[in-house]
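The following paragraphs lead the reader through one protein chain, from its overall fold to its packing and its charged pairs. Please keep the sequence and the model in view while reading.

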Amino acid sequence: MGQSFAVLSPVPFETTDPDKSKTPRLMVVDCDVNFVESQRRVFRAYDVNFLAAFNGKQAIWRIVTEKPDLIISDTHTLYGDGENLVQWLHENSASLSIP
């Protein structure tokens, strides 16, 4: 498994959706449930909808159906599909604008 890291931002990010009243959606992808839950606690202080995925396939499904505004992902996942997820994100026109 990869190393875990935390992202702390003093400035809340904005949704890329044209409807600015919509709450931004943040997705964290990692096979480590404890890491994902720690990030959920960190981002509770911000006005975001927190989405979690624990492997690449689950992440792709949630990306297509829920359209997150920001994705934080581990590339070394349990099933080895984290790098495939990043490749899919770069090749899929619907996800190219998601940082």
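What percentage of the 99 residues in the chain do buried residues make up? The answer is 36%. The model under discussion is a predicted one. Its accessible surface comes to about 6,200 Å², and carbon and sulfur atoms account for 55% of that area.

The chain contains three helices and three strands, and along the sequence these follow the pattern β-α-β-α-β-α. Contacts across long stretches of sequence are a marked part of the picture: of the contacts with a separation of 6 or more, 65% are between residues 24 or more positions apart.

The interior may be considered next. In soluble globular proteins, nonpolar side chains tend to be buried together. In this model the largest nonpolar core has ten residues, namely Met-27, Val-29, Leu-51, Ala-53, Ala-59, Ile-63, Ile-71, Leu-85, Leu-89 and Ile-98. Two or more residues of this core are contributed by each of β1, β2 (49-53), α2 and α3 (82-91). A second core, separate from the one just described, has nine residues, among them Leu-26, Phe-35, Val-36 and Ile-72. Within the largest core, Ile-98 repays a separate look. When neighbours within four places in sequence are left aside, Ile-98 is in contact with Ile-63, Pro-68, Asp-69, Leu-70 and Ile-71.

Helix α1 shows how one element is placed relative to the strands. Its buried residues are Phe-35, Val-36, Gln-39 and Phe-43. These residues lie on the same side of α1 because they cover an arc of only 100° around the axis. The buried residues of α1 pack against β1, β2 and β3, whereas Asn-34 and Arg-41, on the other side of α1, are exposed. Asn-34 also takes part in an arrangement at the start of α1, where its backbone nitrogen lies within 2.9 Å of a side-chain oxygen of Asp-32.

The charged pairs complete the description. A search of the whole structure finds three salt bridges. One of them joins Arg-25 to Asp-69, with the closest N and O atoms 3.7 Å apart. Arg-25 belongs to strand β1 (residues 25-29) and Asp-69 to the loop between α2 (56-66) and β3 (70-73), so this pair ties together parts that are 44 residues apart in sequence. Both Arg-25 and Asp-69 are buried. Asp-69 is, in addition, one of the residues in contact with Ile-98.

Another salt bridge links Arg-40 with Glu-37, their closest N and O atoms being 3.0 Å apart. Because Arg-40 and Glu-37 are three residues apart in helix α1 (residues 33-43), about one helical turn separates them. Arg-40 is partly exposed, at a relative accessible area of 26%, and Glu-37 is likewise partly exposed, at 27%.

The remaining pair consists of Glu-66 and Arg-62, whose closest N and O atoms are 2.7 Å apart. Here the two residues are four residues apart in helix α2, so Glu-66 and Arg-62 are again separated by about one helical turn. Glu-66 has a relative accessible area of 28% and is partly exposed; Arg-62 is also partly exposed, with a relative accessible area of 21%.

Terms used:
Residues are numbered from 1 along each chain as its sequence is written. This is a predicted model: local features need pLDDT of at least 70, side-chain atom pairs count only at pLDDT 80 or more; totals for chains, interfaces and linings use all residues. Side-chain values use heavy atoms; hydrogens and water are left out. A salt bridge is a side-chain nitrogen of Lys or Arg within 4 Å of a carboxyl oxygen of Asp or Glu. Buried means under 20% relative accessible area, exposed over 50%, partly exposed in between (1.4 Å probe, protein chains only). A nonpolar core is a set of buried Ala, Val, Leu, Ile, Met, Phe, Trp, Tyr and Cys residues joined through side-chain atoms within 4.5 Å. Contact means heavy atoms within 4.5 Å. The arc is that of the directions from the helix axis to the C-beta atoms. A polar contact is a pair of N or O atoms within 3.5 Å; within protein, one must be able to donate a hydrogen and the other to accept it, and residues adjacent in sequence count only if both atoms are side-chain atoms. Accessible areas come from the Shrake-Rupley method with a 1.4 Å probe; for residues, only the protein chains shown count as cover.
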